[in-house]
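Here are a few exercises to work through with the model open beside you. Try each task before reading its solution.

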Amino acid sequence: MRRIDLLSDEALYGAESTRAIERAASAALPAHSLMARAGLSVAQLARALSPHARCIWVACGPGNNGGDGLVAATHLHRWAQRSGRGLDVVVTLCADPAQLPPDAAQALVLARAAGVRLADAPPDDHDLAIDALLGIGRLRSATGRLADVLARLQNSTAPVLCVDLPSGLHADSGQHLLGTRQHPLPSERHTLSLLTLKPGLFTADGRDQAGHVWFDDLGVCPPVDVAVSGFLHGAPRERARPHATHKGSQGDVVVIGGQDISVNGIGMTGAAVLAARAALHAGAGRVYLCLVGADDAAGSPAWDPTSPELMFRKWSALHSSGLLEQACVVCGCGGGDAVSAVLPETLQRARALVLDADGLNAVAASPALQDALRQRFTRHQTTVLTPHPLEAARLLGSGTAAVMADRVAAAQALSERFGSICVLKGSGTVVCAPGETPRINASGNAALATAGTGDVLAGFIGAALAGPGRDSSMLLRVADAVHHHGWLADRWVDHSKTSGSCATLTADALARGTSPC
């Protein structure tokens, strides 16, 4: 057993793959072996998390997840008896004992024989709750007693240890049966994922529901014919620069966006400036900034006083140069209505393109631009789409709810439809490329929920694509940039906790990679 530190790459297996691994292991092992191993592992972690507990409540459901909980309860009860500790282990079983699957039925027999207390209701006061209600089986609406116990677990003020999955969480999509919570869970959460790590633990509602994730493979190695469903993407590999490096060898980034206020009274210059600053601080050799709609505007910005390294270009000068073919282009950040005029040529000429925000919205509204985007794939031009769920829904012609119902599937659909790398932003950002295994980002937190952080991410990705080594995996480059973006927010929160600061993480601070004062 080990705790997942979110720093290393981890293989993820969906529900069907997990079932295939379980079937193969069960066929090769004596009866009830997997459940015996799982229950022991749960009990050991429970004892480590709450070594001085006086009461542990084990909530068991109608499937094998409930059987794991029964085995864990039996171990905890026996250990307490042997040690003479006054630990009370209370089990509630939301199931008809006659309808339990064979392994769980055997676990119930052993629990009763050991003297484990089965109660009709949870104890009024407990030091730890073990959630063994629902596993990777088909989710259905919880009713009656099952719904009551699930609500009790969701609102528990005592720490909760979830067996394999938090009850109600979809193993593949990370969507929770009760919907996304509007407030944090009231207590510390731990999840012991058994046999495999599931994608849903790390995206959508999974990060909030699962809390600290632990993993025990139960001594089972997945068969080679079972496909990995995805990867949890950990910390990037360090890439040292050769001593003879110069700015020309670190790549050029062109940011196109930041509609001038003169276009329609709505100015969004800051979004493009943030993306450009981010590319600069992420290591791009040279960064150019083209503010759309500003060519004929009097008084439009011509330089950035806080980042004088940025080089401003009017569109008339940019499109007549070779920069579009040479650089990585980041297009759309704050582009407003004006970005539509420059998109056709940008889609045609940009060697590498990060399409963000209003650039995505313009494509979603134009079949012609969608065709131009698809044609980039046939010309072997690299494209990265960076939608949030609403932008993804517009591109797919669906709704936000449909995107959030299966974030991995939505990102894969966008990637395949447009022949692009897709970065579907949100909790557990999903990174997909056509024909490649998707990756779920392990870093980041709610500190990123401020205006402009998405523009910073676009700039980081632009710098990653512009850098040397163009033969390396573009998917990994993008995933590394996404991880770095989240890691900076994680570092900010860690620093805030240790220093007692409550400063908000602004997009400009994120772009510069600075820590709170």
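## Exercise 1: A buried arginine

R189 is buried (under 20% relative accessible area, with over 50% called exposed and partly exposed in between, using a 1.4 Å probe and protein chains only). R189 nevertheless has no salt bridge (a side-chain nitrogen of Lys or Arg within 4 Å of a carboxyl oxygen of Asp or Glu). Keep in mind that this is a predicted model, where local features need pLDDT of at least 70, side-chain atom pairs count only at pLDDT 80 or more, and totals for chains, interfaces and linings use all residues. Residues are numbered from 1 along each chain as its sequence is written, and side-chain values use heavy atoms, with hydrogens and water left out.

**Task.** Describe what surrounds R189.

**Solution.**
1. Start with the charge: the nearest side chain of opposite charge, D131, is 6.2 Å away. Here Lys and Arg count as positive and Asp and Glu as negative, while His and the chain ends are not counted.
2. Next, look for a polar partner. The side chains of R189 and S187 are joined by a polar contact of 3.3 Å. Such a contact is a pair of N or O atoms within 3.5 Å; within protein, one must be able to donate a hydrogen and the other to accept it, and residues adjacent in sequence count only if both atoms are side-chain atoms.
3. Now place the residue: R189 is found in strand β8, residues 189-194. Strands (E, at least two residues) and helices (H or I, at least four) are DSSP runs, numbered from the N terminus.
4. Finally, list the contacts (heavy atoms within 4.5 Å). Beyond its neighbours within four places in sequence, R189 touches L153, Q154, S156, V160, Q209, A210, G211 and H212.

## Exercise 2: Salt bridges

**Task.** Which parts of the chain does the pair R277 and D508 tie together?

**Solution.**
1. Check the distance: the side chains of R277 and D508 meet in a salt bridge at 2.7 Å, N to O.
2. Locate both ends. R277 lies in helix α7 (residues 269-281) and D508 in helix α18 (residues 507-512), so the pair ties together parts that are 231 residues apart in sequence.
3. Compare their cover: R277 is buried, with a relative accessible area of 12%, and D508 counts as partly exposed at 25%.
4. Widen the view: R277, D304, D508 and R512 are linked in a network of salt bridges.

**Task.** Now try D88: what is its salt-bridge partner?

**Solution.**
1. The partner is R117, with the closest N and O atoms 2.6 Å apart.
2. D88 lies in strand β4 (residues 88-93) and R117 in strand β5 (residues 117-119), so this pair connects parts 29 residues apart in sequence.
3. D88 is partly exposed at 30% relative accessible area, and R117 is partly exposed at 41%.

The count for salt bridges comes to 13.

## Exercise 3: A covered helix

**Task.** Which residues of helix α13 are buried, and what do they pack against?

**Solution.**
1. Helix α13 spans residues 389-396, and 6 of its 8 residues are buried.
2. Those are P389, E391, A392, A393, L395 and L396.
3. They pack against α11 (358-364), α14 (400-405), α15 (407-418) and β17 (421-424).
4. Just after α13 comes G397, whose phi is positive, near 70 degrees.
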